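Colleague: I should like to take a close look at one part of this model with you. Please treat the aromatic rings in a connected way, suitable for a first-year student.

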Amino acid sequence: MFASAIPEGLSGQQLLATYDHVSKPAFQDELGALLIQLCRVVPNGLLVFFPSYSTLEKLRRRWKATGALENIQAAKTLVVEPRSSGVAFDTASSTFCSEAKSDRGAVFFAVCRGKVSEGMDFKDE
């Protein structure tokens, strides 16, 4: 397992996820390009934390419009942390864990201080 905060994108642009920066298309596109590259080169699974559910949804909308989301999904199975707990969360967790072990791998979009960050066990791969 390797954990890291990534301070800049592929072009060297600072990745500062403050309210002002997150709303800028340049930031959104830089982060999307970085995630596409990481999905292509990192084996197994990636866990990507966003500062809030609203930021996660804002970025997903932008990446859907630009095609970045399609490229992420072409590289790995995308799993998104649901806002609700229970069955939806259990399904998302088990999907990520099983897909992360596959040849394709998976990426889990989660939220800081959300359910994934509260004790999910990432044993093995």
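How many aromatic pairs does a search of the whole structure find?

Modeller: The model is a predicted one. A search of the whole structure finds four aromatic pairs. A pair of aromatic rings is described by the distance of the centres and the angle of the planes.

Let us begin with Phe50 and Trp63. Their rings lie 6.3 Å apart, centre to centre, with 55° between the planes, and the pair is tilted. The two residues belong to distant parts of the chain: Phe50 sits in strand β1 (residues 45-50), while Trp63 sits in helix α3 (residues 53-66), 13 residues apart. Phe50 has a relative accessible area of 3%, and because buried means under 20%, this residue counts as buried. Trp63 is buried as well, with a relative accessible area of 0%.

A further tilted pair consists of Phe96 and Phe108. The ring centres of Phe96 and Phe108 are 5.1 Å apart and the planes stand at 55°; because an angle that is neither under 30 degrees nor over 60 counts as tilted, the pair is given that name. Here too, distant parts of the chain are linked: Phe96 is in helix α5 (residues 87-100) and Phe108 in strand β3 (residues 106-111), 12 residues apart. Phe96 is buried at 5% relative accessibility, and Phe108 is buried with a relative accessible area of 0%.

Finally, we return to Phe50 and Trp63. Ring pairs join these two residues and Phe109 into a cluster.

Terms used
Residues numbered from 1 in each chain as written. Predicted model: local features only at pLDDT ≥ 70, side-chain atom pairs only at ≥ 80, totals over all residues. Heavy atoms only, no water. Phe/Tyr/Trp six-rings, centres within 6.5 Å; stacked < 30°, edge-to-face > 60°. Helix = DSSP H or I, 4+ residues; strand = E, 2+ residues; numbered from the N terminus. Buried < 20%, exposed > 50% of the residue type's maximum accessible area, 1.4 Å probe, protein only.
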